[in-house]
Amino acid sequence: MLLVMHDQAGAGSPDNFERLWTPHRMAYIKGENKPTGSGPGDGCPFDAIPKMSDEDGLIVKRGKTVYTVLNLYPYNSGHLMVVPYRHVSDYDELDEAEVAELGAFTQKALRALRKASGAQGFNVGMNLGHVAGAGIAAHLHQHVVPRWGGDTNFMPVVARTKVLPQLLRDTRQLLADAWS
């Protein structure tokens with residue numbers, strides 16, 4: 001493979017990395033369309049999604065007490081979430097039927113991802129509360145993230161590419177405006 005150094009004026013010393021600009025992710029990073037509060041009527045996307053068609057809401061499967069949906073901002077391709085319909089923030093608030101179906105849907109998600117994508121492993125879990133890393137802490141959701149051998153740090157290691165959420169000129173302007 002032939003590597004070509006690109007002159008990237010203002011980007012510092014050449015580092016052999018290509019840049020994949022993803023400025024659309026700034027909406028996620030800035031928290032646009034995040035719930036405004038902790039109640040079910042405060043703009044929670046997990047309350048709105050079940051009211052959409054499966055296609056529009058990215059719903060994979062609906063159950064009686066939970067549904068499975070693709071993550072709009074995935075860590076990996078196929079990143080799913082199992083979400084109770086009921087707006088609760090903590091695992092111990094779920095009733096027995098919700099716990100059972102959440103577990104069953106998690107198992108089914110693992111099977112479906114293995115079948116559809118050949119996933120070799122998974123990260124499965126919940127972040128309960130903002131301090132634990134929950135992006136939407138007011139509505140519990142369990143992540144199911146498929147993994148494959150060698151996918152850790154895939155972009156920089158294998159593809160020699162860094163994914164950047166903002167254009168350098170926009171970042172520069174933010175820093176210049178903040179400089180005191």
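This note goes through the predicted model point by point, from the overall fold down to single residues.

1. **Overall make-up.** The model is a predicted one, and its protein chain has 6 helices and 7 strands. Read from the N terminus, the elements follow the order β-α-α-α-β-β-β-α-β-β-α-β-α, which is a useful string to keep at hand while looking at the structure. Of the 180 residues in the protein chain, 28% count as buried.

2. **Surface and contacts of the whole chain.** The protein chain has an accessible surface of about 11600 Å², and carbon and sulfur atoms account for 56% of that surface. When contacts in the protein chain between residues at least 6 apart in sequence are considered, 57% of them join residues at least 24 apart.

3. **Helix α4, its length.** Does the length of a helix agree with its residue count, or disagree? Helix α4 covers residues 96–117, and at 1.5 Å a residue its 22 residues should span 32 Å, whereas the C-alpha atoms at its ends are 31 Å apart, so the expected span and the modelled distance agree. The reader may find it helpful that the expected span is 1.5 Å times one less than the number of residues.

4. **Helix α4, its buried side chains.** Which residues of α4 are buried? They are E98, E101, L102, F105, T106, A109, L110 and L113, a list in which the glutamates E98 and E101 appear beside leucines such as L102. These buried residues of α4 pack against strands β2 (59–62), β3, β4, β5 (121–125) and β6 (142–147).

5. **The salt bridge at helix α4.** A search of the whole structure finds 2 salt bridges, and one of them joins R86 to E98, with the closest N and O atoms 2.7 Å apart. This pair links distant parts of the chain, since R86 sits in the loop between β4 and α4 while E98 belongs to helix α4, 12 residues apart. The two partners should be described separately: E98 has a relative accessible area of 4% and is buried, whereas R86, at 36% relative accessibility, counts as partly exposed.

6. **The salt bridge between R62 and D54.** R62 forms a salt bridge with D54, and here the closest N and O atoms are 2.6 Å apart. R62 counts as partly exposed at 31% relative accessibility, and D54 likewise counts as partly exposed, with a value of 32%.

7. **The aromatic pair.** How many aromatic pairs does the structure hold? It holds 1 aromatic pair, formed by Y67 and Y85, whose rings are 5.3 Å apart from centre to centre with 35° between their planes, an arrangement that is called tilted. Because Y67 lies in strand β3 (residues 66–70) and Y85 lies in the loop between β4 (80–84) and α4, the pair ties together parts that are 18 residues apart in sequence. Y67 is buried, at 0% relative accessibility, while Y85 is partly exposed, with a relative accessible area of 26%.

8. **A nonpolar patch on the surface.** L58, V60, L70 and L72 form a nonpolar patch on the surface, and together they have about 330 Å² of accessible area. One of these residues, L70, has its place in strand β3, and at 33% relative accessibility L70 counts as partly exposed.

9. **H79, in the loop between β3 and β4.** Is H79, which lies in the loop between β3 and β4, buried or exposed? At 0% relative accessibility, H79 counts as buried. Leaving aside residues up to four places away in sequence, H79 touches V69, L70, N71, P74, H143, V144, V145 and P146. The C-alpha atoms of H79 and R147 are separated by 9.5 Å, although the two residues are 68 residues apart along the chain.

10. **G135, in the loop between β5 and β6.** G135 is found in the loop between β5 and β6, and at 31% relative accessibility G135 counts as partly exposed. Apart from residues up to four places away in sequence, G135 touches K34 and H130. G135 and G31 are 104 residues apart in sequence, yet their C-alpha atoms are 8.8 Å apart in space.

Definitions and conventions: Residues are numbered from 1 along each chain as its sequence is written. This is a predicted model: local features need pLDDT of at least 70, side-chain atom pairs count only at pLDDT 80 or more; totals for chains, interfaces and linings use all residues. Side-chain values use heavy atoms; hydrogens and water are left out. Rings of Phe, Tyr and Trp (its six-membered ring) pair if their centres lie within 6.5 Å; planes under 30 degrees apart count as stacked, over 60 as edge-to-face and the rest as tilted. Helices (H or I, at least four residues) and strands (E, at least two) are DSSP runs, numbered from the N terminus. Buried means under 20% relative accessible area, exposed over 50%, partly exposed in between (1.4 Å probe, protein chains only). Contact means heavy atoms within 4.5 Å. Accessible areas come from the Shrake-Rupley method with a 1.4 Å probe; for residues, only the protein chains shown count as cover. Patches are made of residues with over 30% relative accessible area and no salt bridge: like charges are joined within 9 Å, nonpolar side chains (Val, Leu, Ile, Met, Phe, Trp, Tyr) within 5 Å. A salt bridge is a side-chain nitrogen of Lys or Arg within 4 Å of a carboxyl oxygen of Asp or Glu.
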